[in-house]
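Student: Hi, I have a new structure to look at and I don't know my way around yet. Could you walk me through it?

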Amino acid sequence: MAKDDKIIKYKDLLVKPGKKIKLKDFSTKYEGKNLNKQEAEQILENSRKKLAEIQDELYAHNQYSVLIIFQAMDAAGKDGAVKHIMSGFNPLGVKVYSFKAPNSVELDHDYFWRHQLCLPARGEIAIHNRSHYENVLVTKVHPSYILNENIPGVDSMKKVDDKFWDMRYKQIRRFEKNLTENGMIIMKFFLHVSKKEQKKRFLERIDDPTKNWKFSLSDLKERAYWDQYQDTYSEVLSETSEDHAPWFVIPADDKWYARLAIASVIHQEFAKLKMNYPIVSEAQKAELQKAKVQLMAEDDDKKKKSGKSSGGARKASKKSE
């Protein structure tokens with residue numbers, strides 16, 4: 001991963017904690033000259049192998065769990081990123097959850113509830129395709145949705161004010177802080193696609209029969225709120241990027257670059273952990289050697305029995321002669 005760690009500038013993607021950002025200040029495409037699609041795909045293939053090794057260490061170490069969050073505008077490439085980057089992981093240790101609009105049961109709980117049910121155990125990785133952040137993104141662009149949550153004291157649109165959103169940001173920061181203090185590693189990725197590129201991908205979904213199922217008229221309706229979403233994302237990322245749970249803005253117009261950038265960030269975040277395989281004590285090593293001797297003895301016993309069997313057969317043959 002050393003090569004792509006140099007190509008992918010971690011600090012350029014990071015939303016620095018405490019800093020107010022505007023998405024318009026982040027590029028939506030790869031602007032470098034040292035990399036092309038073919039090279040990126042080769043590096044990504046190598047990175048998958050490295051990530052698989054790290055996953056094995058994560059499982060054996062059994063102290064950390066990992067939560068990876070993807071947020072983006074429609075058609076930004078979240079599904080493809082999950083598919084390509086995580087294909088190197090052992091599926092037994094990775095669970096992917098995609099969250100849609102909450103149903104009636106979910107609305108009868110606090111907005112963290114359904115996401116808490118999908119948090120990873122120690123040694124495991126969970127990927128949330130959309131997340132608890134929908135409750136400060138979609139609901140801020142469409143604040144009337146908040147009334148469906150039946151929150152005490154929030155019984156009119158007037159109550160969904162700046163004070164309400166500040167409180168919700170505080171809740172999210174506290175929620176993630178609690179998780180990280182108990183051994184969870186959180187990485188949050190915003191796939192930053194341009195409005196022009198989104199239009200292109202929408203048209204591809206409409207024109208290609210094999211992609212028709214990916215397009216919904218609701219996607220077009222949400223596109224009409226593009227500027228509001230850009231402002232809301234800027235605020236959310238600024239308010240909730242922390243050292244223990246950072247946000248990364250990934251240029252997503254070039255899918256091949258976005259996938260490599262995400263893999264590189266994940267690797268660099270894992271590299272900060274001091275993980276190792278469990279240390280075996282001298283007593284355990286002695287037990288391992290005893291087990292080895294016992295297993296090897298099974299082979300010796302088979303050889304002896306085989307020798308006796310063939311010897312007996314030769315004697316029987318001579319008698320018959």
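**Charged pairs and other spots**

Tutor: Happy to! Let's begin with Glu 134, which forms a salt bridge with Arg 130, where the closest N and O atoms are 3.6 Å apart. Keep in mind that this is a predicted model.

Student: Thanks! Is Glu 134 buried or exposed?

Tutor: Glu 134 is buried, because its relative accessible area is 15% and buried means under 20%.

Student: And what else does Arg 130 form a salt bridge with?

Tutor: Arg 130 also forms a salt bridge with Asp 74, and there the closest N and O atoms are 3.0 Å apart. That pair links distant parts of the chain, with the two positions 56 residues apart. Arg 130 sits in the loop between strand S3 (125-129) and H7, while Asp 74 sits in the loop between strand S1 (65-72) and helix H4 (78-85).

Student: Why would an Arg and an Asp pair up at all?

Tutor: In general, side chains of opposite charge can pair when their charged atoms come close.

Student: Are Arg 130 and Asp 74 buried or exposed?

Tutor: Arg 130 counts as buried because its relative accessible area is 16%. Asp 74 is buried too, at 18% relative accessibility.

Student: What about the backbone of Arg 130, what is its phi?

Tutor: Arg 130 has a positive phi of about 75 degrees, although it is not a glycine.

Student: Which other residue has a positive phi although it is not a glycine?

Tutor: Asn 150 is one of them, with a positive phi of about 55 degrees. Asn 150 lies in the loop between H7 and H8. With a relative accessible area of 61%, Asn 150 is exposed, whereas Arg 130 is buried.

Student: Back to the salt bridges. How many does the structure hold?

Tutor: The structure holds 17 salt bridges. Another one of them joins the side chains of Arg 201 and Glu 197, at 2.9 Å from N to O.

Student: How are Arg 201 and Glu 197 placed in helix H9?

Tutor: Arg 201 and Glu 197 are 4 residues apart in helix H9, so about one helical turn separates them. Both Arg 201 and Glu 197 are buried. Elsewhere, Lys 20, Arg 173 and Glu 239 are joined into one network by salt bridges that share partners.

Student: While we're on helix H9, where is Phe 202 found, and is it buried or exposed?

Tutor: Phe 202 is found in helix H9. Phe 202 counts as buried because its relative accessible area is 3%. Its C-alpha atom is separated by 6.9 Å from that of Phe 215, and the two residues are 13 apart along the chain.

Student: Which residues 30 apart along the chain could I compare that with?

Tutor: Try Tyr 30 and Ala 60, which are 30 residues apart along the chain and have C-alpha atoms separated by 36 Å. Tyr 30 lies in the loop between helix H2 (10-13) and helix H3 (37-61). With a relative accessible area of 16%, Tyr 30 is buried.

Student: New topic: which residues form the positive surface patch?

Tutor: That patch is formed by Lys 29, Lys 83, Lys 196, Lys 200, Lys 214 and Lys 255.

Student: Where does Lys 214 lie?

Tutor: Lys 214 lies in the loop between helix H9 (195-207) and helix H10 (217-223). Lys 214 is partly exposed because its relative accessibility is 36%, and partly exposed covers the range between under 20% and over 50%.

Student: I also spotted His 142. What does its side chain make a polar contact with?

Tutor: The side chain of His 142 makes a polar contact with the side chain of Glu 222, at 3.1 Å. His 142 is placed in the loop between helix H7 (138-141) and helix H8 (162-181). His 142 counts as buried, since its relative accessibility is 11%.

Student: Last one: what lies 2.8 Å from a polar atom of the Arg 114 side chain?

Tutor: That is the backbone oxygen of Lys 100. Arg 114 is found in helix H6, residues 113-116. At 9% relative accessibility, Arg 114 counts as buried.

Student: Great, that gives me plenty to look for. Thanks!

Technical notes:
Residues are numbered from 1 along each chain as its sequence is written. This is a predicted model: local features need pLDDT of at least 70, side-chain atom pairs count only at pLDDT 80 or more; totals for chains, interfaces and linings use all residues. Side-chain values use heavy atoms; hydrogens and water are left out. Patches are made of residues with over 30% relative accessible area and no salt bridge: like charges are joined within 9 Å, nonpolar side chains (Val, Leu, Ile, Met, Phe, Trp, Tyr) within 5 Å. Accessible areas come from the Shrake-Rupley method with a 1.4 Å probe; for residues, only the protein chains shown count as cover. A salt bridge is a side-chain nitrogen of Lys or Arg within 4 Å of a carboxyl oxygen of Asp or Glu. Lys and Arg count as positive and Asp and Glu as negative; His and the chain ends are not counted. The place of a charge is taken as NZ of Lys, CZ of Arg, CG of Asp or CD of Glu. Buried means under 20% relative accessible area, exposed over 50%, partly exposed in between (1.4 Å probe, protein chains only). A polar contact is a pair of N or O atoms within 3.5 Å; within protein, one must be able to donate a hydrogen and the other to accept it, and residues adjacent in sequence count only if both atoms are side-chain atoms.
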